[in-house]
Amino acid sequence: MLFFGCEQVQVKKTNNNVEEESHIRSIATPISKEPVLGFSQLGSESEWRIANTSSIKNSANESDVKLIFQNAEQSQEKQIEAIREFAKEKVDVIAIAPVVETGWEPILREVKQAGIPVIIIDRYVDVKDSSLYVTHIGSDFYEEGRKAGKYLVDKFPKTSKSIGIVELKGTEGSTPSIARGKGLRDVIVTRNDFQFLESENADFTFTKGKQVMKKFLQEKGRDIRVLYSHNDDMTLGALEAIEEYGLIPGEDIVVITVDGTRKALGKMNEGKINLVVECNPLLGPNLIQAVKEVVKGSTLPKRIVTPENVFTQVTAEKEIASRSY
Ligand code: GYE
């Protein structure tokens, strides 16, 4: 936001010798004040999220953007409250990492009416009116799912035997969970030897991942040939469940995970994970850059996608060294 820094007070004598004050606001040299960013983070459920939060806080610290940070602990209601509060405080820009895709229209309309630009970061909002946000910065989750699907198709050449898959999904109704599930399915759709045995939400957490995988094993046991897990935290929990059950992850069960945290790459190095599809949490520099552009009045692309990789057991060791999260 620009403000006009130099208010001058001039005192003039009028004809009848009365002092008259006139306040003159100089509009010739606008001075920019620190832009204020209100950021509603959806929670702290995973290592990815922790790295994402640090990246955003660090990037703000290193810049002239003042960050007001609110953690909604997985509650859309809390996010809506925080956003409304940011609008009341008249921040310059609001950024939202939305926990689920739907239900955002009313609050985004309120914010638009207040004249505050909104940046969507990480997950997506499913709104008909795209003028409700300026840009969406984050990964292509559908492509991540497709990468996992391509790996499966290559890993298991078609035979007459069926290949049982279990899936640990993330938060119900969240973009990465929806799109990672669809991406994989769209690639393996032509292969009727792949069979989904189980698919359940485990909220992107270690504890839930372990608990749900334990249940899958109790129900389907050795029929499970593949675990497709939507994030590393659930995967790490599931690895414990597989080992406790007496099977060898990475061998008896092919394990595919998404994110690419140092811990998951470590397990991959031990042979317990077969494929890591990368999802980059370090969105701070992109976000802060976007905030500055928005404040300047520049037009941003509607979608900013972060480039990402896949890691196999061959590349894991090299990657760990350079991993900051
Ligand atoms: O993959 C998972 C996290 O929205 C991309 O959320 C993010 C996902 C990430 O909790 O670990």
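**Stop 1: H7 and H8**

Select helices H7 and H8 and look at how they cross: the crossing is left-handed. The contact comes from Asp232, Leu236 and Leu239 on H7, and from Lys263, Ala264 and Lys267 on H8. Sort these residues by class and you get three nonpolar, no polar and three charged. This is a predicted model.

Now show the two helices whole. H7 covers residues 232–245 and H8 covers residues 262–269. Their axes come within 9 Å and cross at roughly 40 degrees. H7 and H8 are therefore oblique to each other.

**Stop 2: H6 against H7**

Keep H7 and add helix H6, residues 206–220. Is the crossing of H6 and H7 left-handed or right-handed? It is right-handed. On the H6 side, show Phe206, Gly209, Lys210, Met213, Lys214, Leu217 and Gln218. On the H7 side, the contact includes Asp233, Met234, Leu236, Gly237 and Ala238. Further along H7, add Glu240, Ala241, Ile242, Glu244 and Tyr245. Colour the contact by class: nine residues are nonpolar, three polar and five charged.

Leu236 deserves its own label. It is among the H7 residues that touch H8, and Leu236 is also listed in the contact with H6.

Check the geometry next. The axes of H6 and H7 come within 7 Å and cross at roughly 40 degrees. H6 and H7 are therefore oblique to each other.

**Stop 3: the mixed sheet**

Hide the helices. Select strands S11, S10, S12, S13, S14 and S16, in that order. These six form an open sheet with mixed pairing. Which strands stand at the edges? They are S11 (194–201) and S16 (310–312). Each has a single partner strand, so one side of each is left without a neighbour in the sheet. Turn the view along the sheet: with direction ignored, neighbouring strands are turned by 15 degrees against each other on average.

Zoom in on S10 (residues 163–169) and S12 (residues 224–229). They pair in the parallel sense over five bridges. For one of the bridges, pick Gly164 and find its partner in S12, Ile224.

Bring back helix H5, residues 175–188. H5 lies across S10, S11, S12 and S13 (254–259). Compare its direction with that of S11: H5 runs at about 175 degrees to that strand.

**Stop 4: the parallel sheet**

Select another set of strands: S6, S5, S7, S8, S9 and S15. This is an open sheet of six strands in that order, with parallel pairing. The edge strands are S6 (66–71) and S15 (303–305), and each pairs on one side only. From one strand to the next, the twist averages 20 degrees.

Focus on S5 (residues 36–41) and S7 (residues 93–96). The two run parallel and are joined by four bridges. Which residue of S7 is the bridge partner of Phe39? Select Ala95 to see it.

Then add helix H9, residues 284–296. H9 packs on the sheet and touches S5, S7, S8 (118–121) and S9 (135–138). Its direction makes about 165 degrees with that of S8.

**Stop 5: H2 and H3**

Select helix H2 (residues 76–88) and helix H3 (residues 105–113). How do their axes cross, and within what distance do they come? They cross at roughly 5 degrees and come within 10 Å. That makes H2 roughly parallel to H3, because angles under 35 degrees count as roughly parallel. Show the side chains of Ile80, Ile83 and Arg84 on H2. Opposite them, show Ile107, Glu110 and Val111 on H3. The contact divides into four nonpolar, no polar and two charged residues.

**Stop 6: the whole protein**

Zoom out and show everything. The protein has 10 helices and 16 strands. Its C-alpha atoms fill a box of roughly 105 × 40 × 30 Å along the principal axes. The radius of gyration is 25 Å, whereas a compact globule of 325 residues would have one near 20 Å.

Terms used:
Residues numbered from 1 in each chain as written. Predicted model: local features only at pLDDT ≥ 70, side-chain atom pairs only at ≥ 80, totals over all residues. Heavy atoms only, no water. Axes fitted to C-alpha atoms, helices over the stretch in contact; angles between N-to-C directions. Parallel < 35°, antiparallel > 145°, perpendicular 65-115°, else oblique. Left-handed = near helix turned anticlockwise from the far one by under 90°. Contact = heavy atoms within 4.5 Å. Nonpolar A, V, L, I, M, F, W, Y, C, P; charged D, E, K, R; others polar. Pairing = 2+ DSSP bridges. Rg over C-alpha atoms; globule rule 2.2 N^0.38 Å.
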